[in-house]
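Please open the structure in your viewer and keep a selection tool at hand. The tour below moves from one selection to the next and says what is to be found at each stop.

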Amino acid sequence: MKVLIIGGSGFLGTELVRQATTAGWETAATYCSRPGSLPGASWHRLDLRAPGHVDEVLAAVEFLRAR
């Protein structure tokens with residue numbers, strides 16, 4: 001299973017990343033200013049104020065299908 005955790009470096013997000021990686025899921029997580037320190041996840045900077053940035057992150061973790 002593949003999971004994308006928005007806000008993975010936050011308090012709740014850190015726990016979700018920990019549980020997902022422990023379960024063996026392919027885990028991608030986003031951060032605003034600093035990536036989390038948990039191993040086993042791919043970290044992606046996400047600024048929701050930037051137009052198109054969400055699409056870039058989704059494409060980077062292959063959640064978007066070819067259009």
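**First stop: a charged pair on helix H1**

Select Glu-15, which counts as partly exposed because its relative accessible area is 30%. The model you are looking at is a predicted one. Now add Arg-18 to the selection: this residue is likewise partly exposed, with a relative accessible area of 38%, and it forms a salt bridge with Glu-15 in which the closest N and O atoms are 2.5 Å apart. Both belong to helix H1, and because they are 3 residues apart there, about one helical turn separates them.

**The sheet beneath the helix**

Next, display the backbone as a cartoon and select the strands S1, S2 and S3, which form an open sheet in that order with parallel pairing. S1 and S3 are its edge strands, each of them pairing on one side only, and from one strand to the next the twist averages 20°. Helix H1 packs on this sheet, where it touches S1, S2 and S3, and its direction makes about 170° with that of S1.

To follow the chain through this arrangement, colour S1 (residues 2–5), then H1 (residues 11–22), then S2 (residues 26–31). Together S1, H1 and S2 make a right-handed β-α-β unit. Between S1 and S2, which run parallel, there are 4 bridges, while 5 bridges join S2 to S3 (residues 41–45), again in parallel. S2 itself is mostly covered, with 5 of its 6 residues buried.

Before leaving the sheet, select helix H2, residues 53–60, which lies across S1, S2 and S3 and runs at about 160° to S3.

**A row across the strands, and the core**

Which residue of S2 stands opposite Ile-5? Select Ala-29, which is the residue facing Ile-5, and then continue to Trp-43 in S3, which Ala-29 also stands opposite. These three residues, Ile-5, Ala-29 and Trp-43, are also among the members of the largest nonpolar core.

To see that core in full, show side chains for Val-3, Ile-5, Val-17, Ala-20, Ala-29, Tyr-31, Ala-41 and Trp-43, 8 residues in all. The elements that contribute two or more residues to the core are S1, H1, S2 and S3. As a general point, nonpolar side chains in soluble globular proteins tend to be buried together.

Centre the view on Ile-5 and display its surroundings: setting aside neighbours within four places in sequence, Ile-5 is in contact with Gly-13, Leu-16, Val-17 and Ala-20, and also with Thr-27, Ala-28, Ala-29 and Thr-30.

**The other salt bridges**

A search of the whole structure finds 4 salt bridges, so it is worth returning to the charged side chains, since those of opposite charge can pair when their charged atoms come close. Select Lys-2 and Glu-26, which form a salt bridge whose closest N and O atoms are 3.8 Å apart. Because Lys-2 lies in strand S1 and Glu-26 in strand S2, this pair ties together parts that are 24 residues apart in sequence. Lys-2 counts as partly exposed at 32% relative accessibility, whereas Glu-26, at 52%, counts as exposed. Add Glu-62 to the selection as well, for Lys-2, Glu-26 and Glu-62 are linked in a network of salt bridges.

Then move to Asp-47 and Arg-49, whose side chains meet in a salt bridge with an N to O distance of 2.9 Å. Is each partner buried or exposed? Arg-49 is exposed, with a relative accessible area of 69%, whereas Asp-47 is buried, with a relative accessible area of 15%.

**Last stop: Cys-32**

Finally, select Cys-32 in the loop between S2 and S3. This cysteine is partly exposed, its relative accessible area being 45%. Leaving aside its neighbours within four places in sequence, Cys-32 is in contact with Arg-45 and Leu-46. If you also select Ser-9 and draw a distance from C-alpha to C-alpha, you will find that Cys-32 and Ser-9 are 8.2 Å apart in space, although 23 residues separate them in sequence.

How values were computed. Residues numbered from 1 in each chain as written. Predicted model: local features only at pLDDT ≥ 70, side-chain atom pairs only at ≥ 80, totals over all residues. Heavy atoms only, no water. Buried < 20%, exposed > 50% of the residue type's maximum accessible area, 1.4 Å probe, protein only. Pairing = 2+ DSSP bridges. Right-handed = clockwise from strand over helix to strand, strands pointing away. Axes fitted to C-alpha atoms, helices over the stretch in contact; angles between N-to-C directions. Contact = heavy atoms within 4.5 Å. Core = buried A, V, L, I, M, F, W, Y, C linked by side-chain atoms within 4.5 Å.
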